[in-house]
Amino acid sequence: MVVLPYGDVDCGLRALAGKAEGFGRHAIGGLHGAIYVVTNLDDDGCGSLREGCRRKEPLWIVFEVSGSIQLSSSLRVSSYKTIDGRGQKIKITGKGLKLAECEHVIICNLELEGGRGHDADGIQIKPKSRHIWIDRCSLRDFDDGLIDITQESTDITISRCHFSMHDKSLIIGASSTNITDRCIRVTIHHCFFDGTKQRHPRVRFAKVHLYNNYTRSWGIYAVCASVESQIISQCNIYEAGKKKLVFKYLTEMVNLN
């Protein structure tokens, strides 16, 4: 018998809240709010995903439609929101999601692809956001990063996500001068880095727990720990393609490209 992840809770909509492992385990999303139903694939307006994400009250956002949502600008997600794509096939294109100064956000079962423009990240978490859980999402082909976690954003879990068709996958910690990022704590588990070039992840200052991830055929390097970072790596698989480098020590100022 195949045992699926969260099989004991997927039959109940809100039972997902609080099931994250690791540093993001306290994320509850819109557990205590109303159900908001996305009824169309428009970028904005009544019944759109953007309308639900901008509301200030807690909401558990679900979809009655499948398809692509073409964003003209980054989609800002406010606190106490769950974006729950289970049961539908939802693709976010054009731009990505922005989690800025928010808390208790769950993002589940979305595809994010083809973000264009300056600073176009799949999911950008900054500044000072916390209690975030990103689960079972697929991210690929953005002009900048797939997931950025910087500027004192902390208590975050990324689980069972697929990263592909991209250069810079996942950065944790903004730069070598942002010492306030020492507070950042991130768990990454059961993720698949599928032929992406680098940053699986790259870490500055933060505390990061990596376990049960699969990184295959990276282009430049697998994992980079720099500037006071602390990484616990357990039970991860690194399958080299043409590049054999998994871990290497370099000074912060070296251009890894």
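## Strands, loops and the chain as a whole

Strands here are DSSP runs of E at least two residues long, helices are runs of H or I at least four residues long, and both are numbered from the N terminus. With that in hand, we can find our way around this structure, which is a predicted model. Take Ser-169: this residue sits in the loop that runs from β15 (162-164) to β16 (170-172). In total, the protein chain has one helix and 24 strands.

The chain is 257 residues in length, and 50% of them count as buried. Its accessible surface adds up to about 11,300 Å², and carbon and sulfur atoms account for 52% of that. What about contacts between residues at least 6 apart in sequence? Of these, 58% link residues that are at least 24 apart.

## Two serines in loops

Is Ser-169 buried or exposed? The cut-off for buried is under 20% relative accessible area, and Ser-169 has just 1%, so it counts as buried. Its side chain makes a polar contact of 3.2 Å with the side chain of Thr-196. Leaving out residues up to four places away in sequence, Ser-169 also touches Gly-145, Leu-146 and Ile-147, along with others including Phe-193, Arg-199 and His-200. Keep those last three names in mind, as they come back below.

Ser-129 is another loop serine, found between β10 (123-125) and β11 (130-135). Its relative accessibility is 0%, so this one counts as buried too. What does its side chain reach at 3.0 Å? The partner is the backbone nitrogen of Glu-101. Glu-101 is also one of the residues that Ser-129 touches, again skipping residues up to four places away, and among the others are Leu-99, Ala-100, Cys-102 and Glu-152.

## An enclosed space

How many cavities of 30 Å³ or more are there? The count is one. The largest cavity holds about 40 Å³ of space. Its lining includes Phe-193 and His-200, plus Pro-201, Tyr-214 and Tyr-238, among others. Phe-193 and His-200 are two names from the contact list of Ser-169.

Two strands each give at least two residues to this lining: β21 (214-216) and β24 (237-239). Sort the lining residues by class, and you get six nonpolar, four polar and no charged ones.

## A pocket with charged residues

Now for an open space. The second largest pocket has a volume of about 180 Å³. Among the residues lining it are Asp-119, Lys-126, Asp-144, Asp-148, Arg-199 and Arg-204. Arg-199 is the third name to remember from the contacts of Ser-169.

How does this lining split by class? It has six charged, three polar and two nonpolar residues. The lining of the largest cavity, remember, has no charged ones.

## Some backbone surprises

Most peptide bonds are trans, and most residues other than glycine have a negative phi. This model has some exceptions to look up in the structure. Lys-126, which helps line the second largest pocket, is joined to Pro-127 by a cis peptide bond with omega about -15°. Pro-127 lies in the loop between β10 and β11, where Ser-129 is also found. Another cis bond links His-200 to Pro-201, with omega about 0°. Both of these residues help line the largest cavity, and Pro-201 belongs to the loop between β18 (192-194) and β19 (202-204).

Phi has its exceptions as well. Tyr-80, in the loop between β4 (75-76) and β5 (81-84), has a positive phi near 55°. Cys-235, in the loop between β23 (230-234) and β24, also has a positive phi near 55°. Are these residues buried or exposed? Cys-235 counts as exposed because its relative accessibility is 65%, and exposed means over 50%. Tyr-80 has a relative accessible area of 28%, so it is partly exposed.

Tyr-80 has plenty of company from elsewhere in the chain. Apart from neighbours within four places in sequence, its contacts include Ile-28, Gly-29, Gly-30, Pro-58 and His-104. Arg-55 is 25 residues away from Tyr-80 in sequence, and their C-alpha atoms are 9.9 Å apart in space.

Note on methods. Residues numbered from 1 in each chain as written. Predicted model: local features only at pLDDT ≥ 70, side-chain atom pairs only at ≥ 80, totals over all residues. Heavy atoms only, no water. Buried < 20%, exposed > 50% of the residue type's maximum accessible area, 1.4 Å probe, protein only. Contact = heavy atoms within 4.5 Å. Areas by Shrake-Rupley, 256 points an atom, 1.4 Å probe, with all protein chains shown as cover. 1 Å grid on protein atoms, 1.4 Å probe; cavity = no way out; pocket = protein on both sides within 12 Å on 5 of 7 lines; lining within 4 Å. Points joined across faces, edges and corners; volume = space filled by probe spheres on them. Nonpolar A, V, L, I, M, F, W, Y, C, P; charged D, E, K, R; others polar. Polar contact = N/O pair within 3.5 Å; in protein donor to acceptor, adjacent residues only side chain to side chain.
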